[in-house]
Amino acid sequence: MSTSGAVLLILATVVGPLARVAAAQPSAPAPSRYPFPPTAMAEEEEIAIARSAAPPEVSSRADIYVLRGTGFVKIRPGASGSACIVVRDLHEGSRYPICFDPEGARTVMRREMMETSLRASGKTEEEVGREIKAAVAAGTLPLPTRPSVAYMMSPRQVLFSSPDKSGVRVGAWQPHVMMTGVGLTREAIGFGPASDYQYVQAGGELGTLHEFVVLVPVWSDGTPAPFPAR
């Protein structure tokens, strides 16, 4: 199969956007300051980076949220029910542009927003994890009721291998699309437990919510991206 038409499926238990780069190995680990307040950006820059998470067909019709202080604000209303944001962790310069379909915007995005807001308010990563678990248990963070889709195809992403102190800068890892659903397993999509097409991220507090990650060979603007050889 040529890389121009290739995709690579990965299965990961959802533990936030950082789980999506857990398998990535930076060529030369770069130093990072930690903890560091979530990176502030000029509003127009944040809008542009948020929109870069998905192809224009998606992002041009999506709601756009930006981080103001410790909370997200809808700055540009869309027409499709989809939404785009830039998530951050506690590493200096981190940015995780993500666009969600309507179901993801209603559910999974709320968790991403809460995590970034807690970090912006001065919470440690351990405190963020505890508060997220409590919100999931209390039902204040809703789970998807049907499969949802999220896009992380931005060439402007600055990813880290982990949200905690051990995380190293990966940078722009690999454009990918995440399909999330409740109760999904490897077997549910036809994989066996030993298949080398799957990667399982251990842990996570969302229980039966799983995410199928599809790597794609182009960034959201259509330019080619490095693609894992098989």
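## Contacts, salt bridges and a disulfide

Reader: Which residues does Arg-88 touch, not counting residues up to four places away in sequence?
Author: A contact here means heavy atoms within 4.5 Å. Leaving out residues up to four places away in sequence, Arg-88 touches Pro-38, Thr-39, Met-41, Glu-46, Leu-67, Phe-72, Ser-94, Tyr-96, Thr-116 and Arg-119.

Reader: What sort of model is this, and which atoms do side-chain values use?
Author: It's a predicted model, where local features need pLDDT of at least 70, side-chain atom pairs count only at pLDDT 80 or more, and totals for chains, interfaces and linings use all residues. Residues are numbered from 1 along each chain as its sequence is written, hydrogens and water are left out, and side-chain values use heavy atoms.

Reader: Is Arg-88 buried or exposed?
Author: Arg-88 sits in the loop between strand 4 (83–87) and strand 5 (96–100); strands (E, at least two residues) and helices (H or I, at least four) are DSSP runs numbered from the N terminus. Buried means under 20% relative accessible area, exposed over 50%, and partly exposed in between, using a 1.4 Å probe and protein chains only. Arg-88 has a relative accessible area of 1%, so it is buried.

Reader: How many salt bridges does the structure hold?
Author: To count, a side-chain nitrogen of Lys or Arg must lie within 4 Å of a carboxyl oxygen of Asp or Glu. The number of salt bridges in the structure is 10.

Reader: Which residue forms a salt bridge with Glu-103?
Author: Glu-103 itself is buried, at 7% relative accessibility, while its partner is partly exposed, at 40%. The two are 3 residues apart in helix 3 (residues 102–106), so about one helical turn separates them. With the closest N and O atoms 2.9 Å apart, the partner is Arg-106.

Reader: How is Glu-115 placed relative to Arg-111, and what is the N to O distance of their salt bridge?
Author: They are 4 residues apart in helix 4 (residues 108–120), so about one helical turn lies between them. Glu-115 is buried at 5% relative accessibility, and Arg-111 is buried at 4%. Their side chains meet, N to O, at 3.2 Å.

Reader: Which cysteines does the disulfide join?
Author: A search of the whole structure finds 1 disulfide, meaning a pair of cysteine sulfur atoms within 2.5 Å. The pair links distant parts of the chain, one cysteine in strand 4 and the other in strand 5, 15 residues apart. Both are buried. The S to S distance is 2.0 Å, and the pair is Cys-84 and Cys-99.
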